Amino acid sequence: LTLLCLGNGESPGKMAFSRFPILLALAFSSFSFVLSHLNREMWFQDFFPPNMCPINAKDNTFYGIMFDAGSTGTRIHIYTFVQKSPENLPELEGEIFESVKPGLSAYADQPEKGAETVKRLLDMAIDAVPPHLWKKTPVVLKATAGLRLLSEEKAQSLLLEVREVFEESPFLVPEDSVSIMDGSYEALGAALSMMLFAGQLSGQNQHTVGTLDLGGASTQITFLPQFEETLKETPGDFLTSFEMFNSTYKLYTHSYLGFGLKAARLAILGALNVEAVDGQMFRSSCLPKQLEAEWHFGGMKYRYGGNKEGETGFKPCYLEVLKVVEGKLHQPDEIRGRSFYAFSYYYDRAVDTNLIDYEQGGVLEVRDFERKAEEVCDNMEKYNSASPFLCMDLVYITALLKEGFGFRDNTLLQLTKKVNNVETSWTLGATFHLLQSLGITY
Ligand SMILES: Nc1ncnc2c1ncn2[C@@H]1O[C@H](COP(=O)(O)OP(=O)(O)O)[C@@H](O)[C@H]1O
Ligand SMILES: [Ca+2]
């Protein structure tokens, strides 16, 4: 640990040390997400102490290794926890994070090569975790929508190869250590992560927030309902209970498969679930007029292009996109008055269009995405150098938020990549849950 610290966060991968009692939220604020400044500033930044290195190598440290096998990339998160005494709750000390592209599903026909990418990432953990703790450090890989969309046979042979890599490693390999994760577990992990982060803020003005994750293939929404009404009006399969510290919590959580950004592109183009796409040209008013190109996704090749003769721009594009989202998602009333953390492609597209800074993130209103979508779609030639899908992606994000989930124009979204150098991802919550269920403490 000391050695890694000398590297000051640069090696191997991106080392981050933060120190916050992650469980305060669970213990004191009844799972309320606590936000202080609901103005347009980063509401986290005042509350976290600056990064710091552990003063000494500690013997009350333990680790958890979580792989996120996403549809566009594979990521390793190596978390360090410190437990000061048995009666104290563990604190998150830091994270090492690294990622590779493409994701495992790109190796559908070469499972060994796919597993090799996992092995290279796992080698980082050999350096990061002290040898005497290897046997006590669980390693788990959870695959998301990308693998959910592969055939069962291809997905299973990938998972089998990865399992072998784990078995050959010196780490603790729990039962079911390599699996395709249920969408609601992904959402639950994200919610738990944010609860852990927000624990630092307890005692401030309390507002509860939820999380929105926009992946390539699927999208998730999660929040802790405050009103009985919401629980009554919500279909049972949108509610997930989980236990922690002798309490049961009921979360609203749902994963919409096929509503990730890339899957949505296909749906908008009318290319989803179309047989014999080869040779067929899919056109959209959301694409530059003169564009004609090819796109490889999920093992298929698609030809797509702009409306050469017809209309292009924000209005016709919005109508096209509306068909894909309108009436397709459950709209809980309660979310209208809430704030949400937004990750992944919400973050990336906001960065691409200078709505937020890549390092800092920021707070946006739903209408900021709409304004940007109008600007990009009505001036596509100006945005030529960016992705040809930029207009479509922004309109999809706008429509998904407004017409899909039913958010207001002024709903606040906190776009956050990292809290004090720890990635905001479902992985922290899932690792925490894993360590709890294995009874791993110092
Ligand atoms: N830990 C992470 N750090 C940075 N970006 C991430 C992380 N996890 C997901 N993303 C972003 O989300 C996008 C899509 O998510 P991904 O996890 O690959 O898809 P899916 O969740 O549908 O499997 C990625 O392109 C990436 O920009
Ligand atoms: Ca993801």
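This report walks through the chain as a whole, then some of its helices and two single residues.

## The model and the chain

What you have here is a predicted model, where local features need pLDDT of at least 70, side-chain atom pairs count only at pLDDT 80 or more, and totals for chains, interfaces and linings use all residues. Residues are numbered from 1 along each chain as its sequence is written, while chains are lettered from A and ligands numbered from 1 in the order in which they are written.

The chain's secondary structure adds up to 13 helices and 18 strands; helices (H or I, at least four residues) and strands (E, at least two) are DSSP runs, numbered from the N terminus. Of the 442 residues, 48% are buried. A residue is called buried if 20 or more other C-beta atoms lie within 10 Å of its own, exposed if 12 or fewer, and partly exposed in between, with C-beta atoms placed from the backbone. Take contacts between residues at least 6 apart in sequence, and 76% of them join residues at least 24 apart. A contact means that the two C-beta atoms, placed from the backbone, lie within 7 Å.

## Helix 3 and its partner

Helix 3 (residues 111–128) has 18 residues that should span 26 Å at 1.5 Å a residue, and its end C-alpha atoms are indeed 26 Å apart. The expected span is 1.5 Å times one less than the number of residues. Its buried residues are Pro111, Gly114, Ala115, Thr117, Val118, Leu121, Leu122, Ala125 and Ala128. They fall within an arc of 150 degrees seen down the axis of helix 3, so they line one face of the helix. The arc is that of the directions from the helix axis to the C-beta atoms.

Helix 5 (residues 152–168) packs against helix 3 at about 35 degrees, with the axes 8 Å apart. Axes are lines fitted to C-alpha atoms, for helices over the stretch in contact, and angles run from 0 to 180 degrees between N-to-C directions. Residues of helix 3 that meet helix 5 include Ala115, Val118 and Leu122, and among those they meet are Leu158, Val162 and Val165. By class, this contact has seven nonpolar, two polar and four charged residues. Here Ala, Val, Leu, Ile, Met, Phe, Trp, Tyr, Cys and Pro count as nonpolar, Asp, Glu, Lys and Arg as charged, and the others, Gly among them, as polar.

## Thr74 and Asp109

Thr74 sits in strand 3 (residues 74–82). Thr74 is buried because 27 other C-beta atoms lie within 10 Å. Beyond its neighbours within four places in sequence, Thr74 touches residues including Phe67, Val100, Thr117, Val118 and Leu121.

Asp109 lies in the loop between strand 4 (91–100) and helix 3. Asp109 counts as exposed, because it has 11 C-beta neighbours inside 10 Å.

## Helices 9 and 13

Helix 9 (residues 314–325) has twelve residues and reaches 16 Å from first C-alpha to last, close to the 16 Å expected. Its buried residues are Phe314, Cys317, Tyr318, Glu320, Val321, Val324 and Val325. Those lie within an arc of 165 degrees seen down the axis of helix 9, so they line one face of the helix. Their cover includes helix 8 (261–269), strand 11 (281–284), helix 11 (366–377) and helix 12 (390–404). After helix 9 comes Gly327, with a positive phi near 70 degrees.

Helix 13 (residues 426–438) has 13 residues and reaches 18 Å, close to the 18 Å expected. Just after helix 13, Gly439 has a positive phi of about 70 degrees.
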